[in-house]
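Subject: Structure for your review

Dear colleague,

Please find below the structure I promised to hand over, together with its sequence. I would be grateful if you could read the notes beneath it alongside the coordinates.

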Amino acid sequence: MTEQISDAAAAAAFRRLVKHLQHRHDAENIDLMGLAGFCRNCLADWVMEATNDVGGNMTKEEARMAIHGMPSSEWKRKFQTEATPEKLQRMKESVAKNESVD
């Protein structure tokens, strides 16, 4: 079904998602991982891999800066809190569901 989405529409939706994540710092990566099995860092990795797959050259830090809107070290310092054991367990269970996606 994703083939029905034009590249232009997909790009616009992707940019809107990134803008939304840059605005919603209260939605921490650990919470996103626990709920959806992916986070800003995953999205950055996907961007890096896709860029490099089509002949570009993007580093992990460049991709994370594009997604976070700032260096990842700064984002962590400003917005990331300590992960609780419960959040880590929820993340582990959620990520285990990802095996069939890739």
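The notes that follow go from the overall fold to the core, the salt bridges and a few individual residues.

Please bear in mind throughout that this is a predicted model.

Overall fold

The secondary structure consists of 6 helices and 0 strands, so the order of elements from the N terminus reads α-α-α-α-α-α. Along the principal axes, the C-alpha atoms occupy a box of roughly 40 × 30 × 25 Å. The protein has 102 residues, and buried residues account for 26% of them. Its accessible surface is about 7,300 Å², and carbon and sulfur atoms contribute 56% of that area. If one takes the contacts between residues at least 6 apart in sequence, 51% of them join residues at least 24 apart. As for charge, the protein carries 14 positive and 16 negative charges, and the mean positions of these two sets lie 6 Å apart.

The nonpolar core

The largest nonpolar core comprises 12 residues: Val18, Leu21, Leu32, Met33, Cys39, Cys42, Leu43, Ala44, Val47, Met48, Ala63 and Ile67. Helices H1 (7-23), H2, H3 and H4 each contribute at least two residues to this core. Helix H3 gives the most, with 5 residues.

Two members of the core may be worth selecting in your viewer. Val18 has its place in helix H1 and counts as buried because its relative accessibility is 9%, below the 20% limit. Leaving aside residues up to four places away in sequence, Val18 touches Leu43, Ala66 and Ile67. The C-alpha atoms of Val18 and Ile67 are 5.9 Å apart in space, although the two residues are 49 residues apart in sequence.

Met33 is the second. With residues up to four places away in sequence again set aside, Met33 touches Phe38, Cys39, Cys42, Met91, Ser94 and Val95. Of these partners, Ser94 is found in helix H6. Ser94 is buried, because its relative accessible area is 8%. Under that sequence filter, the contacts of Ser94 are Met33, Gly34, Leu35, Ala36 and Gly37.

Salt bridges

Side chains of opposite charge can pair when their charged atoms come close. The structure holds 5 salt bridges, and three of the pairs are described here.

Lys87 and Asp31 form a salt bridge through their side chains, with an N to O distance of 3.3 Å. This pair links distant parts of the chain: Lys87 belongs to helix H6 (residues 85-96) and Asp31 to helix H2 (residues 29-36), 56 residues apart. Asp31 counts as partly exposed because its relative accessibility is 27%, which lies between the limits of 20% and 50%.

Arg64 pairs with Asp45, their closest N and O atoms being 3.8 Å apart. This pair also links distant parts of the chain, with Arg64 in helix H4 (residues 60-68) and Asp45 in helix H3 (residues 40-53), 19 residues apart. Arg64 and Asp45 are both buried. The pair belongs to a network of salt bridges that links Asp45, Lys60 and Arg64.

Lys78 and Glu74 are joined by a salt bridge at 3.0 Å, N to O. Both residues lie in helix H5 (residues 72-79), 4 residues apart, which is about one turn of the helix. Lys78 is partly exposed, as its relative accessible area is 48%. Glu74 is partly exposed too, with a value of 23%.

A further residue

Lastly, I note Glu49, which lies in helix H3. Glu49 counts as partly exposed, because its relative accessibility is 43%. Its C-alpha atom is separated by 21 Å from that of Ser73, and the two residues are 24 residues apart along the chain.

With kind regards

Notes:
Residues numbered from 1 in each chain as written. Predicted model: local features only at pLDDT ≥ 70, side-chain atom pairs only at ≥ 80, totals over all residues. Heavy atoms only, no water. Salt bridge = Lys/Arg side-chain N within 4 Å of Asp/Glu carboxyl O. Buried < 20%, exposed > 50% of the residue type's maximum accessible area, 1.4 Å probe, protein only. Core = buried A, V, L, I, M, F, W, Y, C linked by side-chain atoms within 4.5 Å. Contact = heavy atoms within 4.5 Å. Areas by Shrake-Rupley, 256 points an atom, 1.4 Å probe, with all protein chains shown as cover. Lys, Arg positive; Asp, Glu negative; His and termini not counted. Charge placed at Lys NZ, Arg CZ, Asp CG, Glu CD.
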